[in-house]
Amino acid sequence: MLQRFVVIAATLASCLAGGPAGADQNAENLDPLFRELGEARHPETAQQLEREIWRAWLDSGDEAVDKELRDGIRAMRSGRMEDAIARFSKVVEMAPEFAEGWNKRATAYYLNGELAKSMSDIQKTLSLEPRHFGAISGMGLIFLQRGDERAALDVFEEVLEIHPQAPGARKHAKRLRKKLQGREI
């Protein structure tokens, strides 16, 4: 609890100083959040920590980039994948070191059936933020679609090392362990 207070106080101090409140994958509050996420034993606690991590990841620190990202998310949610891809492409052009731009475009490519492009953007996301459990989960879904269950299991287990309470990764890993148990892998 004290550690969370220190993180909140540091974030508040940064805001008052006029700088960005820890934007993107380089946000100062992410390291302690990831430590807590890895130690969280209750799904509700993990869910709250996950929301805080996503909040940091979604904040590029540049309002124009953030607006384009939000517009892309709206397009993706309404099924307009080509528009979403175009907007996320603009985000990665404007802010090539912003991991979430790459991750969102990877998601749009995946939803559009463009798995190779999705995988390429996932790899870029992970080069910028190796702890990106969302991107790693996306990689697992691609492996599942390709029929590579062993690789999918490995990837979902990697997610669980970062985020032990991740419900989707837990479900996929449990099912794949059971399915692959006894098979020569």
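## A helix 5 pair

Arg-87 has a relative accessibility of 26%, so Arg-87 counts as partly exposed. That value, like every other one in this report, comes from a predicted model. The partner to look at alongside Arg-87 is Asp-83: the two side chains form a salt bridge, with N and O 3.2 Å apart. Asp-83 is likewise partly exposed, because its relative accessibility is 25%, and the partly exposed range runs from 20% to 50%.

Where do Asp-83 and Arg-87 sit relative to each other along the chain? They are four residues apart within helix 5 (residues 81-94), a spacing of about one turn of the helix.

## Two further salt bridges

In general, side chains of opposite charge can pair when their charged atoms come close. Helix 6 (residues 99-111) holds one such pair, Lys-104 and Glu-100; because these residues are four apart in the helix, about one helical turn separates them. Their closest N and O atoms are 2.7 Å apart, and the contact is a salt bridge. Are Lys-104 and Glu-100 buried or exposed? Both residues are buried.

Arg-131 and Glu-129 give another salt bridge, at 3.0 Å from N to O. Here the two partners fall into separate burial classes. Glu-129 has a relative accessible area of 2%, so Glu-129 is buried, the limit for that class being under 20%. Arg-131, at 22%, is therefore partly exposed.

## A network of charges

The model's salt bridges come to 16 in total. Some of them join up: Lys-67, Glu-68, Asp-71, Arg-74, Arg-80, Asp-83, Arg-87 and Lys-90 are linked in a network. The Asp-83 and Arg-87 pair described above is therefore worth viewing with its neighbours in mind, as both residues are members of this network.

Lys-67 is another member of the network, and its place is in helix 4 (residues 63-77). With a relative accessible area of 45%, Lys-67 is partly exposed. Its C-alpha atom lies 9.3 Å from that of Val-91, although the two residues are 24 apart along the chain.

## The nonpolar cores

Turning to the interior, the largest nonpolar core contains 36 residues, and Leu-30, Phe-34, Ile-53 and Phe-133 make the most contacts inside it. At least two core residues come from each of helix 2 (30-39), helix 3, helix 7, helix 8, helix 9 and helix 10. Which helix gives the most to this core? That is helix 9, with eight residues.

There is also a second, separate core, made of 14 residues, with Val-65, Leu-69, Ile-85 and Tyr-109 among them.

## The largest pocket

The largest pocket holds about 370 Å³ of space. Its lining consists of 22 residues, and those nearest the centre are Phe-133, Gly-134, Ser-137, Gly-138 and Leu-141. Two or more lining residues come from each of helix 3 (43-57), helix 6, helix 7 (115-128), helix 8 (133-146), helix 9 (149-162) and helix 10 (167-180). Helix 8 contributes the largest share, six residues.

How many of the lining residues are nonpolar, polar and charged? The lining divides into 12 nonpolar residues, nine polar ones and one charged one. Phe-133 is a handy residue to select in your viewer: it is among those nearest the centre of this pocket, and also among those with the most contacts inside the largest nonpolar core.

Notes:
Residues are numbered from 1 along each chain as its sequence is written. This is a predicted model: local features need pLDDT of at least 70, side-chain atom pairs count only at pLDDT 80 or more; totals for chains, interfaces and linings use all residues. Side-chain values use heavy atoms; hydrogens and water are left out. A salt bridge is a side-chain nitrogen of Lys or Arg within 4 Å of a carboxyl oxygen of Asp or Glu. Buried means under 20% relative accessible area, exposed over 50%, partly exposed in between (1.4 Å probe, protein chains only). On a 1 Å grid over the protein atoms alone, a cavity is a set of points where a 1.4 Å probe fits but cannot get out, and a pocket is an open set with protein on both sides within 12 Å along at least five of seven lines; lining residues have an atom within 4 Å of a point. Grid points are joined across faces, edges and corners, and a volume is the space filled by probe spheres set on the points. Ala, Val, Leu, Ile, Met, Phe, Trp, Tyr, Cys and Pro count as nonpolar, Asp, Glu, Lys and Arg as charged, and the others, Gly among them, as polar. A nonpolar core is a set of buried Ala, Val, Leu, Ile, Met, Phe, Trp, Tyr and Cys residues joined through side-chain atoms within 4.5 Å.
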